Amino acid sequence: MKDAFHVPQVSRGEAYAMLGGAALMMTLAMGIRQNLGLFQAPASRELGIAISDFALAISVQQVAWGVSQPFAGILADRYGTRFVSLAGSLVFVLGLWLTATATGTLAIVLGAGVLIGVALACTTSGITANIAARVVAPQRRTLAFGIVSAAGSIGTMFTAPIAAYFLDHDGWRAGLWAFLILAFAMLPAAWIGSASDRLPNGVAADRHLTLAGALGEAWRHSGYIVMALAFFVCGLQLVFLTTHLPTYLAQCGMDASYSALALMLIGGFNILSSWLFGWLGDRYPKRLLLGGLYLLRSITLALFFSFPPTPLSVVLFGAAMGTLWLGVIPLVNGLVVQMFGLRFLSTLTGIAFLSHQAGSFLGAWGGGYLFDLMGSYDLAWKIGVLIGLVAGTLQLLMNDRPTARVAAEAAAA
């Protein structure tokens with residue numbers, strides 16, 4: 001086929017299978033992870049722990065995810081994705097089991113925090129981008145990143161009502177057991193997706209590029225540094241929401257079902273966002289799209305938290321945030337490929353993601369700390385909006401030029 005979306009080494013059916021496996025693995029991992037905040041209030045009450053204790057577990061998850069991501073990326077770039085994704089899926093199941101059987105703060109921190117955090121590094125965008133980049137033709141690569149992320153977004157949409165049902169009828173532990181059963185499907189998904197390991201992840205000119213050389217290029221590239229720092233703010237804003245939105249709405253007297261509805265809408269509109277910004281990223285400057293996302297997201301946060309929530313505002317907020325959420329992933333992956341090529345994609349996105357997760361830690365734990373200290377989230381959301389506006393502006397101005405090595409490869413092609 002003249003205009004095939006996939007590389008010539010695989011058939012259309014094989015390409016769909018590998019991309020589908022990667023998407024299913026990611027949809028389950030991200031869907032379950034993003035809905036853990038729904039269990040915060042009921043689990044804290046039953047276990048007799050503070051809101052900030054549960055928030056600490058989510059914060060530890062972000063740190064474990066971030067610290068593990070570069071190492072998972074290095075392994076995937078060097079040895080392939082199969083071992084990384086299968087091991088991560090098993091650790092994810094173990095983390096859910098430990099959380100569902102918890103009797104105190106320590107088990108929550110180890111299960112929902114450390115284990116799920118490490119597992120996410122091995123089963124989400126850093127690894128699925130590696131799979132998609134091998135399978136899809138170069139001119140459609142950013143769109144492919146968006147499509148895999150879009151399919152992965154379905155998880156948030158369908159796991160939120162599952163959590164809400166069990167919270168209303170059987171309690172938070174039953175909801176986590178349901179999530180654990182779902183998580184077992186990550187294993188065959190990881191096996192199928194990682195069949196892409198037989199495909200190359202670089203070009204002939206990359207054969208002398210070492211890990212140290214790739215890290216040196218990134219360190220010397222000002223655009224990469226700006227992108228990584230802006231990614232810190234992205235993590236802070238998003239994890240603040242997934243962790244604390246249910247508690248905020250409950251504090252405002254709204255039924256817990258609205259929290260699940262908001263998260264479900266975020267997941268649904270993530271599908272549109274991931275596809276849309278992946279498509280746009282193949283046609284327009286990615287730095288401008290990424291900076292615009294950060295600015296619009298910050299404005300949306302300011303508008304929502306400035307007024308008492310209503311059913312209508314929750315629906316509109318969930319739709320708006322979903323549209324401005326996972327579109328970041330294909331743009332960041334696309335920028336890394338644009339600046340540095342494909343060879344160490346998972347490694348370099350993993351290092352940038354470490355910055356994202358540092359922000360996530362602050363968003364989860366810091367939000368809980370300020371809530372316990374002040375009795376409201378007012379200061380927390382104002383800080384998130386302010387630094388979001390700064391990050392978006394810097395992202396618009398970043399240097400997105402390819403390195404000399406990548407530019408020479410493009411000229412020779």
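A residue is called buried here when its relative accessible area is under 20%. That cut-off is used throughout this report on a predicted model, and by it both Phe304 and Phe305 are buried.

**Overall architecture**

The chain contains 18 helices and zero strands. Its radius of gyration is 20 Å, close to the 22 Å that the globule rule gives for 413 residues, so the chain is as compact as a globular protein of that length. Along the principal axes, the C-alpha trace spans about 60 × 40 × 35 Å. Of the 413 residues, 59% are buried, and among contacts with a separation of 6 or more, 87% are made by residues 24 or more positions apart.

**Aromatic pairs and the cluster around Phe305**

A pair of aromatic rings is described by the distance of the centres and the angle of the planes. The count in this model comes to 18 aromatic pairs. One of them joins Phe304 and Phe305, whose rings lie 5.2 Å apart, centre to centre, with 85° between the planes, an edge-to-face arrangement. Phe305 also pairs with Trp381, and here the centres are 5.9 Å apart and the planes stand at 15°, so this pair is stacked. The stacked pair links distant parts of the chain, since Phe305 belongs to helix α13 (residues 286-305) and Trp381 to helix α17 (residues 378-396), 76 residues apart. Both Phe305 and Trp381 are buried.

These rings are part of one aromatic cluster, formed by Phe240, Tyr248, Phe304, Phe305, Phe317, Phe371, Tyr377 and Trp381. Tyr248, a member of that cluster, lies in helix α11 (residues 222-251). Leaving aside neighbours within four places in sequence, Tyr248 is in contact with Phe304, Phe305, Phe307, Pro309 and Tyr377. The C-alpha atoms of Tyr248 and Phe371 are separated by 9.4 Å, although the two residues are 123 residues apart along the chain.

Elsewhere, two arginines sit over aromatic rings. Arg82 lies over the face of Trp191, at 3.8 Å from the ring centre, and the charged end of Arg343 is placed over the ring of Phe344, 4.6 Å from its centre.

**Helix α4 and its surroundings**

Does helix α4 turn its buried residues to the same side or to opposite sides? The helix covers residues 82-100, and at 1.5 Å a residue its 19 residues should span 27 Å, which agrees with the 28 Å between its end C-alpha atoms. Its buried residues are Val84, Ser85, Gly88, Ser89, Phe92, Val93, Gly95, Leu96, Thr99 and Ala100. They cover an arc of only 165° around the axis, which puts them on the same side of α4. On the other side of the helix, Phe83 and Leu90 are exposed. The cover over the buried residues of α4 includes α1 (12-34), α3 (51-79), α5 (105-123), α6 (125-135), α8 (172-183) and α9 (186-193).

Gly95 gives a local view of this packing, being in contact with Gly111, Ala112, Leu115 and Ile116 when residues up to four places away in sequence are not counted. The C-alpha atoms of Gly95 and Leu115, 20 residues apart along the chain, are separated by 5.0 Å.

Helix α6, one of the elements that cover α4, has 11 of its 11 residues buried, so it is largely enclosed by the rest of the structure. Its buried residues include Asn130 and Arg134 alongside residues such as Ile127, Ile131 and Val135.

**Three buried residues compared**

The table lists residues that were examined individually.

| Residue | Helix | Relative accessible area |
|---|---|---|
| Leu335 | α15 (residues 328-340) | 0% |
| Tyr248 | α11 (residues 222-251) | 8% |
| Gly95 | α4 | 0% |

Each value can be read against the cut-off of under 20% for a buried residue. Leu335 touches Met227, Lys286, Arg287, Leu290, Gln395, Met398 and Asp400, not counting residues up to four places away in sequence. Leu335 and Gly20, by contrast, are 315 residues apart in sequence and 23 Å apart in space, C-alpha to C-alpha.

Technical notes. Residues are numbered from 1 along each chain as its sequence is written. This is a predicted model: local features need pLDDT of at least 70, side-chain atom pairs count only at pLDDT 80 or more; totals for chains, interfaces and linings use all residues. Side-chain values use heavy atoms; hydrogens and water are left out. Rings of Phe, Tyr and Trp (its six-membered ring) pair if their centres lie within 6.5 Å; planes under 30 degrees apart count as stacked, over 60 as edge-to-face and the rest as tilted. Buried means under 20% relative accessible area, exposed over 50%, partly exposed in between (1.4 Å probe, protein chains only). Helices (H or I, at least four residues) and strands (E, at least two) are DSSP runs, numbered from the N terminus. A charge sits over a ring if NZ of Lys or CZ of Arg is within 6 Å of the ring centre and within 35 degrees of the ring normal. The expected span of a helix is 1.5 Å times one less than its number of residues. The arc is that of the directions from the helix axis to the C-beta atoms. Contact means heavy atoms within 4.5 Å. The radius of gyration is taken over C-alpha atoms; the globule rule is 2.2 Å times the number of residues to the power 0.38.
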